[in-house]
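Work through the exercises below with the sequence and the coordinates open, and attempt each task before reading its solution.

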Amino acid sequence: MSDDRELPNIKAGRGGDRRLERADDGETATVEYLSYGALQRHGWSRDDESLFEKAAAADLTDREHGTIEINKNEYLLDGAENEGCDWPFECRAASCANCCAFLVEGDLEMDMNLFLTDEEVDDRNLRLTCVAKPASDELKVIYEARRADYLQNVVGEREV
């Protein structure tokens with residue numbers, strides 16, 4: 001019997017590579033991120049058009065706010081980890097909300113989605129970072145969305 005850690009395209013823990021194919025052209029996306037925890041601590045609104053400008057001007061740590069470049073072939077969560085970020089996750093299989101992020105600007109395409117409703121994706125702009133790849137050159141995301149009151153209520157009630 002084979003060990004899953006030896007199979008191609010399977011990420012066993014942090015530091016693996018789940019890109020399904022390598023991009024020879026090196027297409028990347030610039031991702032500006034903000035932690036939901038920082039948003040809460042500062043009393044900022046997710047709907048504030050100047051949210052990321054406020055974050056840039058605040059004395060936030062690199063964990064709370066920053067910019068990374070990731071390959072468009074890799075999932076946002078993996079790209080963030082490869083850049084040294086420590087974002088939350090649990091299943092890496094699109095079946096929970098632990099890796100959820102609010103998409104503020106840009107486009108992220110999810111390969112699959114077993115947890116979020118169409119309304120949550122379309123109207124609330126939620127994305128599962130474990131299965132979402134950049135589809136635009138620039139993104140702004142609020143990770144740790146699982147801390148939002150809405151998701152706190154939904155996560156415990158919904159089963160996949």
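**Burial and overall make-up**

Buried residues, meaning those under 20% relative accessible area with a 1.4 Å probe and only protein chains considered, make up 44% of the 160 residues in the protein chain. This is a predicted model, in which local features need pLDDT of at least 70 and side-chain atom pairs count only at pLDDT 80 or more, while totals for chains, interfaces and linings use all residues. Residues are numbered from 1 along each chain as its sequence is written, and side-chain values use heavy atoms, with hydrogens and water left out.

**Exercise 1.** Determine how many helices and strands the protein chain has, and the pattern that they follow along the sequence.

*Solution.* Helices are DSSP runs of H or I with at least four residues, and strands are runs of E with at least two, numbered from the N terminus. On this basis the protein chain has five helices and seven strands. Read along the sequence, they give the pattern β-α-α-β-α-β-β-α-β-β-β-α.

**Exercise 2.** Establish the strand order of the open sheet, and explain why one side of β2 and of β5 is left without a neighbour there.

*Solution.* Strands count as paired if DSSP finds at least two bridges between them. Five strands form the open sheet, in the order β2-β1-β7-β3-β5, and the pairing is mixed. Because β2 (65-71) and β5 (126-128) stand at the edges, each with a single partner strand, one side of each has no neighbour in the sheet. From one strand to the next the twist averages 35°, an angle taken on a scale from 0 to 180 degrees between N-to-C directions of axes fitted to C-alpha atoms. At the β5 edge, strand β3 (residues 100-105) pairs with β5 in the antiparallel sense over three bridges, and Leu 128 in β5 is the bridge partner of Cys 100.

**Exercise 3.** Describe the surroundings of β1, its two pairings and the setting of Glu 32.

*Solution.* Six of the eight residues of β1 are buried, so this strand is largely enclosed by the rest of the structure. β1 pairs with β2 in the antiparallel sense over seven bridges, and with strand β7 (residues 138-143) in the parallel sense over six bridges. Thr 30 stands opposite Glu 69 in β2 and also opposite Glu 138 in β7.

Glu 32 is found in β1 (residues 28-35). Glu 32 is buried yet has no salt bridge, and the nearest side chain of opposite charge, Lys 140, is 4.0 Å away; a salt bridge is a side-chain nitrogen of Lys or Arg within 4 Å of a carboxyl oxygen of Asp or Glu, and Lys and Arg count as positive, Asp and Glu as negative, with His and the chain ends not counted. Leaving aside residues up to four places away in sequence, Glu 32 touches, among others, Phe 52, His 65 and Lys 140, where contact means heavy atoms within 4.5 Å.

Key. Buried < 20%, exposed > 50% of the residue type's maximum accessible area, 1.4 Å probe, protein only.
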